[in-house]
Amino acid sequence: MPFRSVPGQASVADTTEGGKLFAPAAARNLAPLLDVLQRHVPRNGQALEIASGTGQHVVGFAEALPDLQWQPSDIDRARRASIDAYVAEAGLRNVAPAAALDATAPGWGGLIGPFQVILLANLLHLISQAEAHCLLAEAASALAPEGRMVIYGPFRRQGALVSEGDRSFDAALTSHDPEIGYKDAGDVTAWAAARGLALVAEVEMPANNLSLVFERT
């Protein structure tokens with residue numbers, strides 16, 4: 001299940017007024033992620049954000065990309081409430097109420113969509129390989145032909161961890177749960193390809209992260 005309680009989890013957030021949660025990491029990576037979206041995804045249609053977290057991201061994306069209709073989602077009730085609070089405060093009309101979605105469970109991809117855009121940020125390292133396979137299969141089912149999926153987060157590169165911080169974080173994750181931890185970017189690209197998702201861009205991001213951009217063929 002997503003959002004295991006893990007050491008150093010990037011999505012850890014503090015509660016602010018009105019039930020809104022605030023995650024410093026989400027504030028830091030909003031602009032770089034938005035730049036990737038503006039350069040690599042369609043500008044109109046339906047967009048699904050998987051594991052939206054606090055709601056800071058989807059509000060920023062929806063304001064900057066007003067012709068996309070955004071569907072935020074999260075498995076956690078408090079996070080869904082935070083998402084809706086951010087959206088209400090911003091007065092956005094192109095964001096639907098946050099949906100309860102466990103993206104690692106089978107079957108959802110055939111029930112919603114099709115989406116022109118699917119975004120997944122900072123989740124793959126917090127789930128198992130089997131759950132990652134399921135998520136990619138379901139996302140491919142929910143993605144429209146020629147739709148784009150963006151996966152952002154920390155990755156291994158050709159089997160290696162690129163910094164001491166990455167090595168420490170991955171070790172903390174796997175000591176807590178041996179089934180989770182950093183996935184290799186090449187492996188994820190191969191798993192996606194097996195589901196009909198072709199890699200169209202690999203974007204270097206701050207803090208040694210990557211954005212992998214896939215298109216449904």
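Tutor: A crossing of two helices is right-handed if the near helix is turned clockwise from the far one by less than a right angle, and left-handed if anticlockwise. The model discussed here is predicted. In it, the crossing of helix 2 and helix 3 is right-handed.

Student: At what angle do the axes of helix 2 and helix 3 cross, and within what distance do they come?

Tutor: The axes cross at roughly 35° and come within 8 Å of each other. On the side of helix 2, Q56, V58, V59 and E63 make the contact; on the side of helix 3, the partners are I83, Y86, V87 and A90.

Student: What is the make-up of the contact of helix 2 with helix 3 by class?

Tutor: Six of its residues are nonpolar, one is polar and one is charged. Glu counts as charged and Gln as polar, so E63 of helix 2 is the charged member and Q56 the polar one.

Student: How is the packing of helix 1 and helix 2 described?

Tutor: Helix 1 (residues 24-40) packs against helix 2 at about 35°, and their axes are 10 Å apart. This crossing is right-handed. Helix 1 contributes A26, A27, N29, L30, L33, L34, L37 and Q38, which meet Q56, H57, G60, F61 and A64 of helix 2. The residues of this contact divide into eight nonpolar, five polar and no charged.

Student: Why is helix 4 called oblique to helix 6?

Tutor: Helix 4 (residues 129-142) and helix 6 (residues 185-193) pack at about 40°, with 9 Å between their axes. Angles under 35 degrees count as roughly parallel and 65 to 115 as roughly perpendicular. The angle of about 40° belongs to neither class, and therefore helix 4 is oblique to helix 6. The crossing of this pair is right-handed.

Student: Which residues meet where helix 4 packs on helix 6?

Tutor: Q129, A132, H133 and L136 of helix 4 meet V188, W191 and A192 of helix 6. Five of the residues in this contact are nonpolar, two are polar and none is charged.

Student: How many aromatic pairs does a search of the whole structure find?

Tutor: The search finds two. One of them is formed by F169 and Y182, whose ring centres are 6.1 Å apart.

Student: What makes the pair of F169 and Y182 edge-to-face?

Tutor: Centres must lie within 6.5 Å for rings to pair, and planes over 60 degrees apart count as edge-to-face. The centres of F169 and Y182 are 6.1 Å apart and their planes stand at 85°, so both conditions are met and the pair is edge-to-face.

Student: Which parts of the chain does this pair tie together?

Tutor: F169 lies in helix 5 (residues 164-176), and Y182 lies in the loop between helix 5 and strand 9 (183-184), so the pair ties together parts that are 13 residues apart in sequence.

Student: How do you know whether F169 and Y182 are buried or exposed?

Tutor: A residue counts as buried under 20% relative accessible area. F169 has 17% and therefore counts as buried. Y182 has 8%, so Y182 is buried as well.

Student: Why does M205 count as buried?

Tutor: Its relative accessibility is 8%, and because the limit for a buried residue is 20%, M205 meets the definition. M205 lies in the loop between strand 10 (197-204) and strand 11 (210-216). Apart from its neighbours within four places in sequence, M205 is in contact with P32, L33, V36, Y152, L210 and S211.

Student: N208 lies in the loop between strand 10 and strand 11 too. What makes N208 partly exposed?

Tutor: Its relative accessibility is 35%, which lies between the limits of 20% and 50%, so N208 counts as partly exposed. Phi of N208 is near 65°, a positive value in a residue other than glycine.

Student: What is phi of A51, and where does A51 lie?

Tutor: Phi of A51 is positive, near 55°. A51 lies in the loop between strand 3 (45-50) and helix 2 (56-64). Its relative accessible area is 15%, so A51 is buried.

Student: Why is S82 called buried?

Tutor: S82 has a relative accessible area of 0%, so S82 is under the 20% limit and is buried. S82 lies in helix 3. Not counting residues up to four places away in sequence, S82 touches G19, K20, L21 and T54.

How values were computed: Residues are numbered from 1 along each chain as its sequence is written. This is a predicted model: local features need pLDDT of at least 70, side-chain atom pairs count only at pLDDT 80 or more; totals for chains, interfaces and linings use all residues. Side-chain values use heavy atoms; hydrogens and water are left out. Axes are lines fitted to C-alpha atoms, for helices over the stretch in contact, and angles run from 0 to 180 degrees between N-to-C directions. Helices (H or I, at least four residues) and strands (E, at least two) are DSSP runs, numbered from the N terminus. Angles under 35 degrees count as roughly parallel, over 145 as roughly antiparallel, 65 to 115 as roughly perpendicular and the rest as oblique. Contact means heavy atoms within 4.5 Å. Buried means under 20% relative accessible area, exposed over 50%, partly exposed in between (1.4 Å probe, protein chains only). Rings of Phe, Tyr and Trp (its six-membered ring) pair if their centres lie within 6.5 Å; planes under 30 degrees apart count as stacked, over 60 as edge-to-face and the rest as tilted.
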